[in-house]
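The following account introduces a protein structure to a reader who has not met it before. Please keep the sequence and the model in view while reading.

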Amino acid sequence: MQRSSQHPTILILGLFSFILMLSGCKKPPIPEVYFMTPDIGKIGTTVRIDGKYLTYFQELVVGGVEVDEVLFDTIENEKLVFRIPADVPPGFAEVFLVHDRGETEPFLFENLGNGPQIKAILPESGMPGTTVEIIGSALSNTEVAVNLGALLLEEIVLVSDTLINARIPEAAPTGLDFITVTIGNCTSNRKAFTVTAPAVPTPIITSVDPMFARVGDTICINGQNFLPDNTMVTFEPSTPASILSLDSTAIKVIVPPRSKSGPITVQTTAVDAGFSEAITLLPKITDFNPKSGATDTIVNIMGWNFENLSQVTFDNLPALLINTATDTTVTVQVPPLDVFGLIPVLLETANGTSNEVEFLVTDTCGTLQPTLTSINQNTAQPGDTLIVSGTNLLPEDTKIQFANSTEFDILSISSDSTQIEAIVPVTVDCIMGSIQVTTRCDTSNTLPLTIDKTPVIDSLSTAMAQVGQSVSIFGTFWDITNYELKLGDQSITLAANDILPNRINFSVPEGAESGALVLSGSCGSSNSINLTIVASTPVINSLSQSCAVVGDQLTILGQNFVPGESQVFIDGQSAPIISSTEAELVVTVPAGINVVGNTSVEVVNPMDNRSSPANLTIIQLPAIPSFLPQRNPAKGVLILKGEDLDLVDRIRFGTDIYLTQAANQFIWLPAFNEIGLNLPEELSLGTTQICLESSPCEKTYEICFDYEIIDGEVRNPGPGAGRTTTILLPNPPFGSSLGSISNNWSLTVLNPGAESPEVLTSRLNLIDLSGADCSTATDGQLFDFFALDDNFPPDTLAQGLYSLTGESIVLNYQGKEYIGRQDNSFNANNPLNFDDRCENNHLPFRIIFTPLESGDQLEMIFPYVITDISVHTIDSDAPTDITLTGRVFDNPSTPFSDFQGTVVFRGPLEGQAQAIGVSVNEQNITATTLTFTLPAGRLSPGTYEVSVREDNQSTYSNVLSVEVN
């Protein structure tokens, strides 16, 4: 679908709908379109749409083109007016409104565009071959086509710009169709033309198959000039027949009742009718009355074509004719027979023999009295299927009655007269009664049967309701008018029209209380089902405590709570409920609370009724993300780093050793959010539990962790602002890949002794290997900063980053502390040999930073490493796309990568040296690839070493070789 940018009018309407939705917290209504006028016209035609909620649309689309401007002519949102856009293609276009939940049903608009138009067709009807005049405008063009529907007209003559002559083709079907003119891609409007049928020839019947038939038989009439429409087939005497199928040469019909032997007539729209030779209609038996009987029974036989009857036979024995046969009936007396059961009956006339129909011959009922032996169930409900077993349960004139009054609906009787299948009707009474069978011979014995119409409740439309609310009971209810409904001990009035076979509706009365619903009637009482009556609004009277932390249990006292169904929200977060009654809720303060300070507690009942909020203060307990050192002897120093440490009242060691802030036994350092303390000297070796205790809201909370007390020299990290120095890391090693984020780095010196930060800064400059000469670094100095770590546990790190004096250095990045070590196993392939400066200045290497606490390991590679090149042979006469694979060039998730370098080609190795640099667009850089284009003619033929240079530091990666041809 073609979409143009939204016009300001459309945007304003969409914004209006959005504001309405927000203000009412509901979805806006869906626009409804009733009609559109006109539905045909040119580009620019003004069209009006009538409907409802029309302001809530977002787009108006005509033939896939969005309408730029819509004007409303009333303020009730019932009409809108627009013009057909210029870029709507000619022909039929769908018009619909787009809203936030879909689209309205489309209307069709016939776009005439600016092409040809038809004003009149002369004549407006005619047979195939008729020449018509097409009168209109813009009709003149060499590429003109005239259509009648999908059929092209013939002998088209362009008389003028306003007149075309054309001929209706012989293949044109009869009936109404439309003429259009197409010039190029533009098609005109449509004008109606009716193709009339040519003169119809007289139908001719050549044969009828078969020539002997009975009423109801199907026969075929063969011939010529039969028409699909307006054809009638008549049998003697003027009896119309039902046509099954028809084409121009054959008709299938059913021989109609009351028809006689004689010719068949086929009448079409022709003046003359077609006649066949005379056919013979044989007699046909359709029914007996009665359908069974013994010898000498008087029987009426019904059917067709009984004239000139000669005889009627029962099992080949002639019957006595009681009266003269008419065309449709004859009365006979059953002849003496020595058989019982079904026998064939035939009727013979001068035209032939009838069909064979069976008659049931019975005896005098001397041994056919019915007897009942069993029923498949002794208790039944309306609609149940009963299987009644016995003997002589004859198939004719048989009925089953319950309590001598209500008849059951019989489904079937077995052929051996031993079983009847019947349905229990709804009208039967719910009593203990009996069932019996009556046949044409006699009435059977009775068998006991109990009808159970006890009401059954399956479910409720809602398990909870308020006073006055409508509730539906679903189940099986036979008694439509006589039921009593109780909720507990309270009766509920039911109207007759509220009781349906499968549903009962009622309204919860005033004063109703929660309890069991029971339905009672003349047939007994139903099962019970519980209904909870919910008070309109829950009320909070008090809270068990005025402040709490996440995870606390909070008791809410009040009224109108719904046990097991009410919800509690603290700061808008759902609180897990531990227990609930109508007057008390016990909940857990949820973990999702984001506020520290005053917030609200609300109780919400299942009907979405909310209590007034109660005030609760949320407090934050101290948090300890890290501590230093990792272990220490008794009397040693311990630094706790965390948040909200000012809330700590005392610190417990084990079960009975305490340090208190009031006695100045530990120090809180606000500038660093740290607590410094000396481990109590009475602590035993091994693991002890350290707990920080806080007592807000007159309740004690603990934050605990395990700490290892060791034997040996005291490790003193130096608590207090006066003994901890924080400085910026100066001149990071090997260039801007670390330098670009150097402002995020700091250096914490543990146990600095008497040396000042300035002295330490000077020492750190020793690892700055960025100088053009090698005066500030000699071989091996870098490795002095990577030595065995003996200030932290051996299982923490194998190596640490040290100054020359052996003092431990911890790098701090974004609030997390790391210790660095050089990866001596890192393989820098093919080190450069051509540079005349310090060779080690150009060896790529890696430093791995491991966090003191939990976290991911970080990596720095100085400066870069390349492992592969995509092209090993380069054509110097053509530009070449090249990709270097390696690490670490650029990766936003790794804070040490920030590419500021150049790809360098140096060579040839023999002869005059040549070196060029190729810059790389930032869009072509990833952590592991550099992609660039080497221009044509930049390199002379020869062998070149390819490397990556760090521009700010003039340091190089390893090299790979390429050939230039």
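**Aromatic pairs, a nonpolar core and a surface patch**

Eight aromatic pairs are found when the whole structure, which is a predicted model, is searched. One of them joins Phe 288 and Phe 359, whose ring centres are 5.6 Å apart and whose planes stand at 85°; the pair is therefore edge-to-face, since an angle over 60 degrees places a pair in that class. This pair connects distant parts of the chain: Phe 288 belongs to strand β30 (residues 284–289) and Phe 359 to strand β39 (residues 357–361), with the two positions 71 residues apart in sequence.

Are these two rings buried or exposed? Phe 288 has a relative accessibility of 4% and so counts as buried. Phe 359 is likewise buried, because its relative accessible area is 0%; the limit for this class is under 20%. Ring pairs also bring in Phe 314, which forms a cluster with Phe 288 and Phe 359.

Another aromatic pair is made by Phe 905 and Phe 932. Their arrangement is edge-to-face, with 6.4 Å from centre to centre and 70° between the planes. Phe 905 lies in strand β88 and Phe 932 in strand β90, so this pair ties together parts of the chain that are 27 residues apart in sequence. Phe 905 counts as buried because its relative accessibility is 0%, and Phe 932 is buried with a relative accessible area of 4%.

Both residues lead on to the largest nonpolar core, which has 24 residues. Within this core, the members that touch the most others are Ile 874, Leu 884, Val 903, Phe 905, Leu 930, Phe 932 and Leu 934. Several strands contribute at least two residues each to the core, among them β85 (865–869), β87 (880–887), β88 (901–907) and β90 (929–934). In soluble globular proteins, nonpolar side chains tend to be buried together.

Which residues surround Phe 932, once its neighbours within four places in sequence are set aside? Phe 932 is in contact with Thr 880, Asp 881, Ile 882 and Leu 884, with Val 903 and Phe 905, and with Val 918, Ser 919 and Val 920.

Nonpolar residues also appear on the surface. Ile 298, Leu 320 and Ile 322 form a nonpolar patch there, and together they have about 270 Å² of accessible area. Of these, Ile 298 is located in strand β32 (residues 298–304). Ile 298 is classed as partly exposed because its relative accessible area is 42%.

Conventions
Residues numbered from 1 in each chain as written. Predicted model: local features only at pLDDT ≥ 70, side-chain atom pairs only at ≥ 80, totals over all residues. Heavy atoms only, no water. Core = buried A, V, L, I, M, F, W, Y, C linked by side-chain atoms within 4.5 Å. Buried < 20%, exposed > 50% of the residue type's maximum accessible area, 1.4 Å probe, protein only. Helix = DSSP H or I, 4+ residues; strand = E, 2+ residues; numbered from the N terminus. Contact = heavy atoms within 4.5 Å. Patch = residues over 30% accessible without salt bridge, like charges linked within 9 Å, V, L, I, M, F, W, Y side chains within 5 Å. Areas by Shrake-Rupley, 256 points an atom, 1.4 Å probe, with all protein chains shown as cover. Salt bridge = Lys/Arg side-chain N within 4 Å of Asp/Glu carboxyl O. Phe/Tyr/Trp six-rings, centres within 6.5 Å; stacked < 30°, edge-to-face > 60°.
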